[in-house]
Structure formats: C-alpha cells, structure tokens
Amino acid sequence: MKLLYTLFAVILFLTVSVQTGMAQAEIGQSLGAANSKTEDEAVGQAVINTVMPIGVGYGTVQLFKNNTVRSIGASLVVYGLIMGPSTGNFYANDYLRGGLGALTRVGAAFLLKDATSEIFGPTFANALNVDNEEVSFGDTEVLLGSVLMIGTIAYNIFSAPASVREYNQQRGYALELRSLPGTGQTVPMLTAKISL
C-alpha cells in the first residue's frame, strides 16, 4: 500500500511540476501554424489520461461490490498506468517514443502482477484476479517493475513537449515569438521550412 501512495505522490509531483513549467508561453514556441500542435495539450493529455483512469478505476474498485464493475475499474487503472503517459506522444504522432514506453510498462506490469495485493490492496487484486503469491517490496521483480513503471511514466510525460516540437518542425511553416537579441523585446516572426 505504501508503494501505491508513493506512485500517486510521484504522479502528482509530475503533474504539478510539468504544468507549472508549461504555464507560460516559451520564447520560440510555435503559436499558429495550421497543422501545429501545442506542448501544453500534449502534456495535459498525458497527465489527464494517466491520473483520471487511475483515480476513477481505483475508486470504482473500492466503492462497488459487483465483481464486473470492480473488474472494469481495475482495467481502467491498468489503462491509466500503461497507456495514459504515452497519449501525449501519440498526440504528436510520435508512435515510437509512446509505443516503447507503453511496451516497457507492459513488461513492468508483468513483473508487478504478483505484488498487486501489496500495492493496491486485496480487493483490487481480486478484481484483476492476478495476485496469488505473497511478495515483499525487496524482491527483485518488484523493485525492477516499480523502477520501470515509474521511470517510463515520467519519461513519456516529460518527453511529450519534445514530441510536439519534432512534429511542428516537420510541418511547413509556423508563427513564432522570438526575442530580439540584446533588446528583450519579443516580436512575431514567420518561419518556413522547405523539404527537398
């Protein structure tokens, strides 16, 4: 159960730190091309698609007595942990980065499946019907699975802005705000990229 609280604390920290860092428009950020995507939207999608399914799913498992409803809630948590962080990368068409993160989390989930009861509680473990062993948090599988899960969640959320920048750079043009050297004034500039 302590690992669950730690995981939620890490996700909450990531949410606050990423959203705080993205609160103001950066100088040089793309503002208005027809096909451009925004970094804020990518990070927002990654965070919301991670936190919301985990919260709603875990609450569903704890509040309802019906096994079918509990199984749906547990599946939502699994979706939030595995696919949620990659949605920011998918938003920017960065399927390689997002897919590798999701695949790594699938492997981490298999390493952590026997620790489901210890992480989320016995009710949640019964809803998924996966935990049939008692393990300790010092086991190699649990440690490796936890590091892979938390590490790739952070990686995919923090890499979403890079995915957006790469996506926008591949498009033909963008309106940007650039600082004039030495003056501190910010002016709009139209930039173009020609691919041969």
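This tour moves through the structure in a series of selections, from the whole chain down to single side chains.

**The whole chain**

Begin with everything shown as a cartoon, keeping in mind that this is a predicted model. The secondary structure comes to eight helices and two strands, and a reading along the sequence gives the pattern α-α-α-α-α-α-α-α-β-β. Of the 196 residues, 40% count as buried. If you switch on a surface, the accessible area comes to about 10900 Å², of which 63% belongs to carbon and sulfur atoms. Among the contacts with a separation of 6 or more, 65% are between residues 24 or more positions apart.

**Colour by confidence**

Next, colour the chain by pLDDT, which averages 78 over the protein, with 67% of the residues scoring at least 70. Which elements have the lowest and the highest mean pLDDT? Select helix H1 (residues 2-21) for the lowest mean, 57, and helix H4 (residues 87-91) for the highest, 95. Then select residues 22-33, where pLDDT stays under 50 and for which the model has 26 contacts beyond four places in sequence.

**Helix H2 and its nonpolar patch**

Now select Ile-48, Met-52, Val-56 and Leu-76 and show their surface, since these residues make a nonpolar surface patch of about 350 Å². Helix H2 (residues 39-63) supplies the largest share of this patch, three residues. Val-56 is in helix H2, and its relative accessible area of 42% makes this residue partly exposed.

**From Glu-39 to Arg-165**

Staying with helix H2, select Glu-39 together with Arg-165, whose side chains meet in a salt bridge with an N to O distance of 3.1 Å. The pair links distant parts of the chain, with Glu-39 in helix H2 and Arg-165 in helix H8 (residues 140-169), 126 residues apart. Are the two partners buried or exposed? Glu-39 counts as buried because its relative accessibility is 6%, under the 20% cut-off, whereas Arg-165, at 39%, counts as partly exposed. The general idea is that side chains of opposite charge can pair when their charged atoms come close.

**The network around Arg-97**

The salt-bridge count for the model comes to three, and the next selection is Asp-94, Arg-97 and Glu-166, which are linked in a network of salt bridges. Centre the view on Arg-97: the closest N and O atoms in its salt bridge with Asp-94 are 3.2 Å apart, and its salt bridge with Glu-166 has an N to O distance of 3.3 Å. Arg-97 lies in helix H5 (residues 95-112) and Glu-166 in helix H8, so this pair ties together parts that are 69 residues apart in sequence. Both Arg-97 and Asp-94 are buried, the relative accessibility of Arg-97 being 17%. Glu-166, by contrast, is partly exposed, with a relative accessible area of 36%.

**Aromatic rings**

Hide the charged side chains and display the aromatic ones, among which the count comes to four aromatic pairs. Start with Phe-90 and Tyr-95: why does this pair count as stacked? The ring centres are 5.7 Å apart and the planes stand at 25°, which is under the 30 degrees that separates stacked from tilted pairs, so the pair is stacked. Phe-90 is partly exposed, with a relative accessible area of 23%, while Tyr-95 is exposed, with a relative accessible area of 52%. Then select Tyr-58, Phe-120 and Phe-124, which form one aromatic cluster.

**A last stop on helix H5**

Finally, return to helix H5 and select Leu-103, which has its place there. Leu-103 counts as exposed because its relative accessibility is 61%, over the 50% cut-off. Add Ile-82 to the selection and draw the C-alpha to C-alpha distance from Leu-103: the two residues are 7.9 Å apart in space and 21 residues apart in sequence.

Terms used. Residues numbered from 1 in each chain as written. Predicted model: local features only at pLDDT ≥ 70, side-chain atom pairs only at ≥ 80, totals over all residues. Heavy atoms only, no water. Patch = residues over 30% accessible without salt bridge, like charges linked within 9 Å, V, L, I, M, F, W, Y side chains within 5 Å. Areas by Shrake-Rupley, 256 points an atom, 1.4 Å probe, with all protein chains shown as cover. Salt bridge = Lys/Arg side-chain N within 4 Å of Asp/Glu carboxyl O. Helix = DSSP H or I, 4+ residues; strand = E, 2+ residues; numbered from the N terminus. Buried < 20%, exposed > 50% of the residue type's maximum accessible area, 1.4 Å probe, protein only. pLDDT = per-residue confidence, 0-100. Contact = heavy atoms within 4.5 Å. Phe/Tyr/Trp six-rings, centres within 6.5 Å; stacked < 30°, edge-to-face > 60°.
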